[in-house]
Amino acid sequence: MISDRIKANLTSEFRQSVLAKLGVVLLLSILLMGLFAPVLATHNPHEQGHTNDAGASYPPYGLSDEVPMFEDGDITYHSVDGTSEHLLGTNDIGQDIYSRFLYGARTSLLVGLSGTLLATAMGVPVGLVAGYFGGRVDDGLMRVADVMLAFPSLVLALALMGAFGRGTIGIPDPIVLAGFADGMPETATFPGMVVVVVALVTWVWFARVARGEAMAIRNEEYVKAARSLGASHATIMRRHVLPNSLTPIIVLATIQVAAIILLESSLSYLGFSGTTLSWGYEIQRGYDYLPNQWWIATIPGIGIVLAVIGVNLIGDWLRDALDPNIEGEGGGGAG
Amino acid sequence: MSADDPLVRVDGLQKYFWENDSLLDRLFGDDPVPVRAVDGVSFDIREGETLGLVGESGCGKSTTGETLLGLQDPTDGRVEFEGENVYDLSGDDLTDFRRSAQVVFQDPFSSLDPRMTIGDIVTQPLSIHDWPWTDGDVETTVDVRTDGISRDIVTATAADDIDTVVDPVDGVATAHVTVRAIDDESAADVDADGRSVDLASGVVAEVEEDLAVAVDRDDGIVVRVSVDRSTAQLRRDRVTDLVERVGLSADQLDRYPHEFSGGQRQRIGIARALALEPEFVVLDEPTSALDVSVQAQVLNLLDDLQAEFDLTYLLISHDLSVIRHVCDRVAVMYLGEIVEVGPVDDLFEDPKHPYTNALLESVPRASTDERDRDRETLSGDVPSPRDPPSGCRFRTRCPKVIPPEDLEIEQETYRDLMSLRERVERRDVSLESVGDDGQFDLEDGVSDEKRPAFVAALKDRLLERDLPARHDEIVETALAELATEDWDAAAARLREHYESVCERKQPHLGNGHHPVACHLYGEASERTETPRSDP
C-alpha cells in the first residue's frame, strides 16, 4: 500500500512545508509528553496539598498572586509567589498543574487517536459498501446513518455515556513498574467507554464521506474495466474504491482526531470521563477561578489548542503528499 | 462451432434504465418510465472481422457494448459468445468469457486507476486470472531422442534450435535432446524456434531461461517441462512485452497514469485489454478523446494487433472516417435500434436508410467539387428515448417520410403538415394568442363570422409555406375545428389524410447481406440486392 513513491512524496512535501514541520513538532512533543509523563512529571498528579503555609495555591513560577484571606473577620490580601518546584503552579486543591498537564496529554491523544481509528474502522466499510452497491443496501445503511446524524454529537455522547456507564481500563504503567518513576500512579487509566462512545458518534461522518467517494468511483471506467476483467466486488473495493477514496478519508480522520480531542474534553468538562487526568476536567476545575487564578484553566486549554493545531497541520501535509495528482516537487506532468 | 457461426451473436438485446427509482417513488407508486437505451438490437460478429457500430451520441451504442459484455444487466435478449449465452454463464465459464472478451474504453483519463502504476494496471488482469495458468510444472510424455546422456535426470535449457542443448548439472557430459510433442494436444509443445513453449493453456515463456526441461528415463522417457521463474517474474516479463508491444517503454512501468498523454494512456488501456490474449475486444470510441494526430497511430496499432493476435473487434464510434478506415462491416444505430447493417464499402457507397445517408452527408469534405451538392442535413433533435416515436423511430426527422399512396405531395410540404399535425396532437398550439387581444372569444367558441379570420391568422402562424389548394382546404377545415377547441376532431382529420406508413408500422431489419429497416425498401429491401455470397 505504501509505495516508495508515496514515501518520496511524503518526504519532499515535508521538506518544503514549514507548517508540516510545525505540525509534526507539535504532535510529536505532545506524544512524547504523554508517553513519558511519569518520567517528566515532577509530582504525582493526584497528590493534593501543594500549597503555601497559609493554604494558598501557587501561581506559575515567576508570577505572584494576591490571595484573599479571611483573618479575624477581615479580608486581607496575601502575596503568593510562584515557586520553581511547581513550574506551572498548583490548582485549587493544590495539585501540580505541570504534572497534570503531562498526564492530560496522554488521555487526550489516546482517546483522539484510538477513537478515530475505531470510528474509521466502523464507518469506512459501511460507507464503501453502501456507495458501491447503491440501491436498497444504500437506502438501508444510510437511513441508520441519518438517524445517528440527527442527534448533536455531544448530546448523543452524553446519552450514551449515561447509558453505558464510564467503564475504564486500568493499564499498568510500564515506566513506573520498571522503577524509572517512583511515586507516580502505577496504573494509567484508559477511558475505554469514552473511546467507544466518541467512535459511535463520529463513525457516521466516515460512512458518509466513504459512501460519496464510492458512489463516484463505481462509475469510473477503471472500475468497469476491472469488472470486465472479472474482478470480484471485494477485489474492486479493495484495489480501486478504497485507495481512491483514501485522501478525503485521511483528511477527515485528522479533523476528527482534533474533534474527538475536543469532544473528550467536553465530556470531561461535564464530568463524564473515566479519568480526572484530562485537560477538559482541568478546565472545568479552573473555570470558577478564571478571574484570579486564570492559569488553572488556561494551561490545559493551551494544551488542547496546540494538539488540535498539530493534528490539523499533519492532516494538511498528508493530504498534499498522498494525492498523486499533486506533484511534490512541481515536476512530472504529462509525458 | 462450425466455421459459419459467428463468434458473437446478439439477439434482441434490450437495456432499459429506470431513473429516479428511489424509495419515495416506490412508496408513492409512481410508475417509472424507462429510458429505452437499447431496444431490441440484433447483429452478428464473425470471427476475425471488425464490426463498426455507428450512430449519434446517445443512440445507445456504448450501452450496447457494455451490456453485451455483461457490464450492465440486460433487460431482455441474449448474447451468444462461441455459441453460449453469456448471461447464463457462471463460475469458471464466466471467468473464461471474461478472459476472452475485453474492452477498451473511450476516456483514457478515467479508464486507468490514478493510484496504480502502469505496471500494476497491466498486471491486474494477470493476477485476477491467476496467470500463468499452469503451475509451471507440467508433466508430459514426449518423444525424446537422447545422445550420450549419463544421468537419469538432466535439466535442459532450450536453445535456438529445436535440438535442445542439455547441460546436465554437476558438469556431466553435454547431451543433445530433441524434445518434440507426441501429439498436438499434449501439454508441452516446443515450437519451431525452440525458444517458446506453449503450455497448452496458452502460457508463452519466451525467454529461454524460463524453460527447464527435465528428462526422466526410468519408465519410458518422461520429459518434465517447467518454468524456472517465479510468477512475479513471469508476469513482469509479460507486462514488459505487452507495454513494449503497444509502443511504450518498459522503464515507464513504475509511473502513474497522470504522467502520460492521452494517446499513451489509451495504449496502456489496450495493453491491459490484451494481457489475457482475448479473442474479442469491444472498442468503445477508442480514439474520440484523442488528438487527431494520435488517432491514426492508435487505429493502426489496433489494426496491427488484430492481425497479430487474430482478434475480433466491435468498434463503437460516431466518427465515420474511423469506421471506414477500420471496419469490415458496419451497423448503424438510431435511438436504440439498428437501422442498417452492411459491408463497409456497400454502406458507404450505397447507403439505403435515409438516416445512414444523412450521417454520410454530414461528414465535412475538403473538396469544392460538391459545393453545390444537395445536402440533406438532419433537422430537429433526437426524440427522447423515454417516449420514442411510433413506427419507424426516425420518421420525425426523416427527409423521406412516405406519404399515403393516393397523396401527391412534395416532401417539404408533407414535412410541414406532419409537424403541424404533431403540434395539434400534442395540443401544443396557443389558441389564446391568435390575433389581437380579445379579437377572438375562445370561451364560447369563435363566432361564425370571425372564424375565417381566425383560421387565417392561425394558419399564418403555423405554416410558413403556401399549400396546394387541395391540402389548404383540409388544413383550413381542421383549423376551423380548433376554433371550437375541438382538438380531437382536428387531429383525427389530419391523421385521416396524412398518416404515413412510417408511423403505423415498425420497419424490421431483414436478414442477408445488407439489410435495412426502412419502409422505403419494405418487403422488397432484399430484392434490390444482387445476390452474392458473403465474403
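In this predicted model, residues 189–210 of chain A make a span whose end C-alpha atoms sit 33 Å apart. That span is 86% helix, with 9% strand. For residues 292–314 of chain A, the end-to-end C-alpha distance comes out at 36 Å, and the make-up there is 87% helix and 0% strand. Both spans carry the label "transmembrane region" in an unreviewed UniProt entry. The annotation in that record also covers residues 20–41, 109–135, 147–169 and 246–272 of chain A.

Two tryptophans belong to the 292–314 stretch, and their rings meet. W294(A) and W295(A) pair edge-to-face, with 5.7 Å from centre to centre and 80° between the planes. Although they pair up, their surroundings are not alike: W294(A) is partly exposed, at a relative accessible area of 39%, while W295(A) drops to 2% and therefore counts as buried, the cut-off being under 20%. Across all chains, the tally of aromatic pairs is 11.

Chain B has ring contacts too. Y334(B) and Y355(B) bring their ring centres to 4.6 Å from each other, and because the planes stand at 55°, the pair is classed as tilted. Y334(B) belongs to strand β18 (residues 329–334) and Y355(B) to helix α10 (residues 354–361), so this contact ties together parts of chain B that are 21 residues apart in sequence. Both tyrosines are buried. Elsewhere in chain B, F81(B), F97(B) and F280(B) are joined into a cluster by ring pairs. A charge is found over a ring as well: K352(B) lies over the face of Y521(B), 5.9 Å from the ring centre.

Next come the open and closed spaces. Rolling a probe the size of a water molecule over the atoms shows where empty space is left. The largest pocket has a volume of about 1400 Å³. Its lining takes in 38 residues, and those nearest the centre are F133(A), R227(A), L71(B), Q72(B) and D73(B). Both chains contribute: α4 (97–133), α5 (135–150) and α9 (221–228) of chain A each give two or more residues to the lining, as do β1 (8–17) and α3 (91–100) of chain B. The largest share is that of α3(B), which supplies 4 residues. Chemically, the lining of the largest pocket is a mixture, with 14 nonpolar, 13 polar and 11 charged residues.

As for enclosed space, the whole structure holds 3 cavities of 30 Å³ or more. The largest cavity comes to about 70 Å³. Around it sit Y103(A), R106(A), T107(A), L110(A), A188(A), T189(A), T275(A) and L277(A). Helix α4 and strand β4 (187–190) of chain A are the elements that each put two or more residues into this lining, and α4(A) has the largest share, at 4 residues. By class, the largest cavity is bounded by 4 nonpolar residues, 3 polar ones and 1 charged one.

The second largest cavity contains about 40 Å³ of space. Its walls are built from chain B residues, namely H353(B), P354(B), C392(B), R395(B), C398(B), K400(B), I402(B), C502(B), C518(B), H519(B) and L520(B). Of these, 7 are nonpolar, 2 polar and 2 charged.

Two chain B positions round off the picture, both with partners that are much further along the sequence than a direct neighbour. A250(B) sits in the loop between α5 (231–245) and α6 (262–274), and with a relative accessible area of 22% it is partly exposed. Its C-alpha atom lies 8.5 Å from that of V239(B), a residue 11 positions away in sequence. R238(B), by contrast, is part of helix α5 of chain B and counts as buried, since its relative accessibility is 15%. Between R238(B) and V122(B) the C-alpha distance is 9.3 Å, although 116 residues separate them in sequence.

Note on methods
Residues are numbered from 1 along each chain as its sequence is written. Chains are lettered from A and ligands numbered from 1 in the order in which they are written. This is a predicted model: local features need pLDDT of at least 70, side-chain atom pairs count only at pLDDT 80 or more; totals for chains, interfaces and linings use all residues. Side-chain values use heavy atoms; hydrogens and water are left out. UniProt positions are given in the numbering used here, feature names are shortened, and annotations may be inferred rather than shown by experiment. Rings of Phe, Tyr and Trp (its six-membered ring) pair if their centres lie within 6.5 Å; planes under 30 degrees apart count as stacked, over 60 as edge-to-face and the rest as tilted. Buried means under 20% relative accessible area, exposed over 50%, partly exposed in between (1.4 Å probe, protein chains only). A charge sits over a ring if NZ of Lys or CZ of Arg is within 6 Å of the ring centre and within 35 degrees of the ring normal. On a 1 Å grid over the protein atoms alone, a cavity is a set of points where a 1.4 Å probe fits but cannot get out, and a pocket is an open set with protein on both sides within 12 Å along at least five of seven lines; lining residues have an atom within 4 Å of a point. Grid points are joined across faces, edges and corners, and a volume is the space filled by probe spheres set on the points. Ala, Val, Leu, Ile, Met, Phe, Trp, Tyr, Cys and Pro count as nonpolar, Asp, Glu, Lys and Arg as charged, and the others, Gly among them, as polar.
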